[in-house]
Each structure stands twice: as structure tokens, then as C-alpha cells.
Protein chains: 2
Amino acid sequence: MIPPLMDFSRLCVHTVTTKPWGIEETVRRYSAAGVKGITIWREAFLDKGPAATGQLVRDHGLKVVSLCRGGFFAASSANRRAKAIDDNRHCIDEAAALGAPLVVLVCGAEPGQALGDSRKQISDGIAAVLPHAAAAKVRLAVEPLHPMYAGDRCAINTLGQAREICGRLNSPWIGVAVDVYHTWWDDRLRDEIGACGRGGWLFAFHVSDWRLPTVDLLEDRGLMGEGCIPIREIREWVEGAGFTGFIEVEIFSRRLWAGDQAQYLESIKDAYLSRV
Amino acid sequence: MIPPLMDFSRLCVHTVTTKPWGIEETVRRYSAAGVKGITIWREAFLDKGPAATGQLVRDHGLKVVSLCRGGFFAASSANRRAKAIDDNRHCIDEAAALGAPLVVLVCGAEPGQALGDSRKQISDGIAAVLPHAAAAKVRLAVEPLHPMYAGDRCAINTLGQAREICGRLNSPWIGVAVDVYHTWWDDRLRDEIGACGRGGWLFAFHVSDWRLPTVDLLEDRGLMGEGCIPIREIREWVEGAGFTGFIEVEIFSRRLWAGDQAQYLESIKDAYLSRV
């Protein structure tokens, strides 16, 4: 097994992880805590807009790692699919204004529509926005979500499916985000990470943990070490496949949001060194 | 798409589906409603024992389709693995006493243990009890459970994994149970059902639905038609692969258990004809 991480030079935290903080407090606290990267959720720049938010982040010595999130291309009507493509072009523009080199795509399913149809529409939607992404020099990462979201939030449920989209679209601007929470159960994960590495598609790596029991499908993720995911082993696979980027802590947890966020940020740092 | 089912000759209901009823009421009500098959959960014969329960069922003109459930072979200590093998031999004896031709195996994961290790132990555990199953003329079905259970309840999370176990063990006494709730999201499902058909491994078919939103990981399944699973399409695949057995309604739902069970049983019959 690879050794633990020894410093915070690759630590990135998602704004949603410490959701109770506003963007100014988030940036100030992350910077003071020695966090080096930040992934911005779109709601975090509702007040200031993307450009001023990006400036705020850089003024505090933080690097914007990615913008969460675009996607949601699947829709049963052509009008709604066209609107999703427009929304994603807009999201790419926001990423450029923010200074984010990457947009994470959550590839929503359309309830009531066959998963195969949604998957096709997702691939077509990404193809439609890729020229815009290339022009803006913003990369796009397909993030497969856990199969428990296949009914609504995401029709791309394995890294293999995400990798197939990358192979089909064949562009340096499309890749994958590997999130241990969504993918750890998959017996093909190691091989698929290797294949994504060979394709040059490993754009992002997200960590959290799977609690036992998990009491909510959306907002009960664990801090690294609170659950059963072999996080360090998966980091070994990802790094063995050539990934050297930020390690992003993305945790949705009503339980953790309810506590003191400054203390929680310290726990994240401890868990990052001891469990990632 | 294949036509709807026209009668209840293949309808089986799991005792747990109408959990508020005791076994005597369950059997009486199912029989009166025209249900033809019953899958018995082990807690249902705690009072009478398996032999008397089997007699009760037959006296009401019902056929025992399967016994739920054995399994849980994965364990970090050799002692606990040996105990699990003993428990499963006992479960096979209970099935024989009950008159159940099949035991469904829930292949529990061991929390904190690598999934690959659990999967190996599951395969070894089944291999150890297969001679006992063959002697008792009781078949065993590996039921892959949804990946959201990979941390504790089940380390076999795709039909492909279950099929690999069958291929490795190579015995007429081992096969699979395909449950739409656990497998519907998988883009390999159709192919894997075909492969299981060719192997002679399609032993059981379970139906329910995936609700949007799902608010509990264990006890929020839907009645067929209440969710997003393409149940009839999956039945078409299963039957196209040669399956002609009972169609088993297995629903865990606090919401549905809280209502009038006789009315619920009628809804099950309606949903069986209109949505399966």
C-alpha cells in the first residue's frame, strides 16, 4: 500500500462540504487552515458572480480545482435537451470566468425514460458542448454516480460507462471524475481506473466514506475513516494510473453540517492524512 | 414487448411482503386471493417449524417456491465462516422439511473486510454446502443485491458476479435469483440474464419497484408501477432466456405494511397483471 499523504499540498475541499459557511468565510477558513484547492459549487457564487468569486479565491492563495456542476442532459423532450445544452454552455462560461479549469458533469437520468435512452442523450449532449468547452479551455469530467441514483440523479452509474463516453467522444476536453463514494463497490473499478489512465481521462478524484448504516441516500456521507471504503487502496490505483492532481473532499452530511465547521475542517485534515 | 400476464398461475408472494400477517392468516389469505405460490421467510415458521408450515401451505393449495434465506458466508474469522457453513446446512434441512425446492442466498459482506475477500469466502462457503444441497435435493440461488448494500448486507452486487460463481462451481444445484430492484440499473443486465439462461442458472425472479425518491435504503420498495423499473422489459429478457417459473413479489415497505393488508394484496394482483 502507498504511504499516507504527508502534507496538504494536494488537499482540495468542496464548498458544499462546509455548506453552512458563506463563500467569504469558506475561502478565509480554508486558506487559514492550509487547504490548497477549492471546488466551487455554483450556488456559492450566486452573490458575487463567478469572476469576483474567482478573484476572492486567488486573493486567498487558493486554487480553483473545479466547478460543480453541469450536466443533466437527459430529457424526454427535444426542447428540454436543447435547453440543457444551453445551460451547459453557460456553465462552461462561468467556469472560465471563475478560473476553473474543469466542470464536473452530473449526468442526470430522466425519470420514466429507459436508461439506455438517457445514456445516449447524455453522450450526445456532451458532444454538443465539447467545442464550446475546447474554445473556453475548460475540461469536462463525467462523474459516474452510485447506482442508487439511477432513477433520477444520474444514468451513468459505473466508471466503465463514463470511460466508454470518453472513448466515443475522443477529445482532450472530456474525461472522468472518480469518486470513491460512487464507485468503491465495483469489482471492475481497478481495471477501469487503469483504462481511464491509459486514455488520459483521469481528471478528478473525490473522497468521502460510506457509513454503516447509511440512513439517507443523499446527505449521509461519512468523513474518510467513518465508513467502509478502502480509500487509500483506491488512491493507489488512481495514482498508479498516473493521476497527480488534487484530492477533493466532497461530503454531504446533515450530521456533519450540524456541528462546528471549523472543528470539522480540522477533522477533515486529520482524516486526509490518516485515511486517504 | 411481451403481453401482460393473464392470470395468477405464476404469482408467488413472499411472506415478508405482507409481514403484519402471521403465517396462518398469510396462507389463508393468499389461497383465498388466488395466489399460487409462496416464498417463506424463515421467521414465518418460528412457531410451527418448517415441516408443519409446509403442510399448512400445501393444505391450502399453495406451492412453496423458495425459502428465504441462507447465505452470509463472509466473515473475517475461520470460526465464524465454519459456523455460517453449519447454519446454511441447517437452512437446507429446513427447506427440505418445508418442501421448498430452493434456498435464496443473501451473500452478506463483512464490514471492514475487502470486498474481494468477502466474494472469495462466499464462493468457498457455497462450495462447502453444495454436496449437502445436492443430497437434500434443494437448489441454491445466489441473489445479487444492489450496490448500496455492498458495505454490509451483500458483497455480490451484480448478476455478472453471481453468474461467475455459478460458472466456477459448476453444479446443477447452484443458480441465481434475479430481483429487478437490485439489478435494473445495470447496463449489462440483459446480456447477463442471457448468459444465466444459457448456463441453466435462472432459478428465481423477484419483482417490486424503485420509488423516486427512495427515502430508506431497506424498507421503502414500491409496488410494481410505483417506481421507475422497466419490469415488463426485464421479464421479457428473463423469459427470453428460458425462465418459466414463478414471479415472486418481494416488497419491504413500512408504508405498505402500515395499510390494510387485504387491500394491499388486491393491489399486488392488479399491479401483477398491469405492470409485470
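A:Pro213 lies in the loop between S7 and H8 of chain A. The bond that joins A:Leu212 to A:Pro213 is a cis peptide bond, with omega at about -5°. The names S7 and H8 follow a simple scheme: helices (H or I, at least four residues) and strands (E, at least two) are DSSP runs, numbered from the N terminus.

Before going further, here is how to read the rest. This is a predicted model, in which local features need pLDDT of at least 70 and side-chain atom pairs count only at pLDDT 80 or more, while totals for chains, interfaces and linings use all residues. Residues are numbered from 1 along each chain as its sequence is written, and chains are lettered from A and ligands numbered from 1 in the order in which they are written.

## Backbone details

Chain A has another cis peptide bond to look at, between A:Cys68 and A:Arg69, where omega is about 10°. A:Arg69 belongs to strand S3 (residues 63-71) of chain A.

Some residues with a positive phi are gathered here.

| Residue | Place | Phi |
|---|---|---|
| A:Phe72 | loop between S3 and helix H3 (78-98) of chain A | about 55° |
| B:Asn170 | loop between helix H5 (159-169) and strand S6 (174-179) of chain B | near 50° |
| B:Gly99 | just after H3(B) | about 85° |
| A:Gly200 | just after H7(A) | about 80° |
| B:Gly34 | following H1(B) | near 90° |

Is A:Phe72 buried or exposed? A residue counts as buried if 20 or more other C-beta atoms lie within 10 Å of its own, exposed if 12 or fewer, and partly exposed in between, with C-beta atoms placed from the backbone. A:Phe72 has 21 other C-beta atoms within 10 Å, so it is buried. B:Asn170 has 9 other C-beta atoms within 10 Å and is exposed.

## Three helices and their buried residues

In helix H1 (residues 23-33) of chain B, the buried residues are B:Ile23, B:Thr26, B:Val27 and B:Tyr30. They cover an arc of only 95° around the axis, which puts them on the same side of H1(B). The arc is that of the directions from the helix axis to the C-beta atoms. These buried residues of H1(B) pack against strand S1 (11-14), S2 and H2 of chain B.

Helix H7 (residues 189-199) of chain A has A:Leu189, A:Glu192, A:Ile193 and A:Cys196 as its buried residues. Seen down the axis of H7(A), they fall within an arc of 105°, so they line one face of the helix. Their packing partners in chain A are helix H5 (159-169), strand S6 (174-179), helix H6 (180-183), strand S7 (202-207) and helix H8 (231-240).

What length should helix H3 (residues 78-98) of chain B have? At 1.5 Å a residue, its 21 residues should span 30 Å, and the end C-alpha atoms are 30 Å apart, which agrees. The expected span is 1.5 Å times one less than the number of residues. Among the buried residues of H3(B) are B:Asn88, B:Cys91 and B:Glu94. The buried residues of H3(B) pack against elements of chain B that include strand S4 (102-106) and helix H4 (115-136).

## The core

A nonpolar core is a set of buried Ala, Val, Leu, Ile, Met, Phe, Trp, Tyr and Cys residues joined through C-beta atoms within 7 Å. The largest nonpolar core has 180 residues, and among those touching the most other members are A:Val103 and B:Val103. Leaving out residues up to four places away in sequence, A:Val103 touches residues including A:Ser66, A:Cys91 and A:Leu140. Two residues are in contact if their C-beta atoms, placed from the backbone, lie within 7 Å.

## Towards the end of chain B

B:Trp257 is in helix H9 (residues 254-257) of chain B. With 17 other C-beta atoms within 10 Å, B:Trp257 is partly exposed. Its C-alpha atom is separated by 6.5 Å from that of B:Thr18, although the two are 239 residues apart along the chain. Beyond its neighbours within four places in sequence, B:Trp257 is in contact with B:Lys19 and B:Pro20.

## How the two chains meet

A turn of 180° and a shift of 0.0 Å along the axis lay chain B on chain A with an RMSD of 0.0 Å. The two copies are thus related as by a two-fold rotation axis. The superposition is by least squares on the C-alpha atoms of residues with pLDDT of at least 70 in both copies.

The contact takes 20 residues from chain B and 20 residues from chain A. On the chain B side there are 12 nonpolar, six polar and two charged residues. Here Ala, Val, Leu, Ile, Met, Phe, Trp, Tyr, Cys and Pro count as nonpolar, Asp, Glu, Lys and Arg as charged, and the others, Gly among them, as polar. Of the interface residues of chain B, 100% are also interface residues in chain A, so the copies meet through the same surface.
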